[in-house]
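This report goes through a single protein chain, from individual residues to strand pairing and core packing. The sequence and the model come first.

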Amino acid sequence: MMSRERKKATGSAALHDKLQILRSITHSNALSENSILMDASEYIKKLKLKVVKLNQEIACEEDTLRQTNPTPTDPIRSMQVTVETLGRHGSFAVNVFSDKNCPGLLVSILQAFDDLGLNVLEATASCADTFHLEAVGGENTVESVDEHLVKQAVLQAIRNCPEGGPEQE
């Protein structure tokens, strides 16, 4: 049988080896065990943020595909939504156009801006028979807001619009 000291030494060596593997995977330059674990924790947080961003991009691409290949029951079938980043200060130009109007759509989109922490700096809207919104949003108070997230929020606001989206003929 192995003595306790030998088991402890073997376990300690295995732990040390695993920490070195963790250190190399996370590209850490740390030497102490605690620092390696802290670096690994930060690395995992960054990976989680990347996963969230990639999921947002996938959702945005799916929304774009639904817009270009709409199904008859898709509430955003007649909508065109574009979002562009302006400068480096978290400002966005948002254009929304539909050949049909929906009661409450403008309010729903403006609420989406507010939920993202975007202030509407300038806007032009037409809500007669058609719906057209040109808006510049900026001064976001929430970090990591990008144009994909803004577009996704606008598309979700369209889906959540009272009566399920643009009026149907």
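Gln-20 is partly exposed, with a relative accessible area of 29%; in the terms used here, buried means under 20% relative accessible area, exposed over 50%, and partly exposed in between (1.4 Å probe, protein chains only). The residue lies in helix α1. Helices (H or I, at least four residues) and strands (E, at least two) are DSSP runs, numbered from the N terminus. Gln-20 and Leu-31 are 11 residues apart in sequence, and their C-alpha atoms are 9.2 Å apart in space.

The model is a predicted one, in which local features need pLDDT of at least 70 and side-chain atom pairs count only at pLDDT 80 or more, while totals for chains, interfaces and linings use all residues. Residues are numbered from 1 along each chain as its sequence is written, and side-chain values use heavy atoms, with hydrogens and water left out.

Confidence is given as pLDDT, the predictor's confidence in each residue, from 0 to 100. The protein chain averages a pLDDT of 78, and 79% of the residues score at least 70. Over residues 164–169 the pLDDT is below 50, although this stretch has 19 contacts in the model beyond near neighbours in sequence. Where pLDDT is low, the predicted coordinates should not be read in detail. Contact means heavy atoms within 4.5 Å.

**Overall layout**

The protein chain has four helices and four strands, in the sequence pattern α-α-β-β-α-β-β-α. Of its 169 residues, 31% count as buried. Its accessible surface comes to about 11200 Å², with 55% of that belonging to carbon and sulfur atoms; the areas come from the Shrake-Rupley method with a 1.4 Å probe, and for residues only the protein chains shown count as cover. Among contacts between residues at least 6 apart in sequence, 58% join residues at least 24 apart.

**The loop between α1 and α2**

Thr-26 is found in the loop between α1 (4–25) and α2 (33–68). Thr-26 is buried, with a relative accessible area of 10%. A polar atom of its side chain lies 2.8 Å from the backbone oxygen of Leu-22, and the side chain also reaches the backbone oxygen of Arg-23 at 3.4 Å. A polar contact is a pair of N or O atoms within 3.5 Å; within protein, one must be able to donate a hydrogen and the other to accept it, and residues adjacent in sequence count only if both atoms are side-chain atoms. Not counting residues up to four places away in sequence, Thr-26 touches Ala-40 and Tyr-43.

His-27 is in this loop between α1 and α2 as well, but it is exposed, with a relative accessible area of 64%. His-27 has a positive phi of about 55° although it is not a glycine. Most residues other than glycine have a negative phi.

**Strand pairing**

Two strands pair if DSSP finds at least two bridges between them. The antiparallel pairs are listed below.

| Strand pair | Bridges | One facing residue pair |
|---|---|---|
| β1 (residues 79–86) and β2 (residues 91–98) | eight bridges | Thr-85 and Phe-92 |
| β2 and β4 (residues 131–138) | seven bridges | Asn-95 and Glu-134 |
| β3 (residues 119–126) and β4 | seven bridges | Ala-125 and Leu-133 |

β3 and β4 form a hairpin with four residues between them. Six of the eight residues of β2 are buried, so this strand is largely enclosed by the rest of the structure.

**Core packing**

A nonpolar core is a set of buried Ala, Val, Leu, Ile, Met, Phe, Trp, Tyr and Cys residues joined through side-chain atoms within 4.5 Å. The largest one has 25 residues, and those with the most contacts inside it are Val-96, Ile-109, Val-150, Val-154 and Ile-158. At least two residues of this core come from each of β1, β2, α3 (105–115), β4 and α4 (147–160). The largest share, seven residues, comes from α4.

Val-150 touches Val-83, Phe-92, Val-94, Phe-113, Leu-116, Leu-118 and Val-145, not counting residues up to four places away in sequence.

Ser-108 is found in helix α3 and is buried, with a relative accessible area of 15%. Leaving aside neighbours within four places in sequence, Ser-108 is in contact with Ala-157 and Cys-161.
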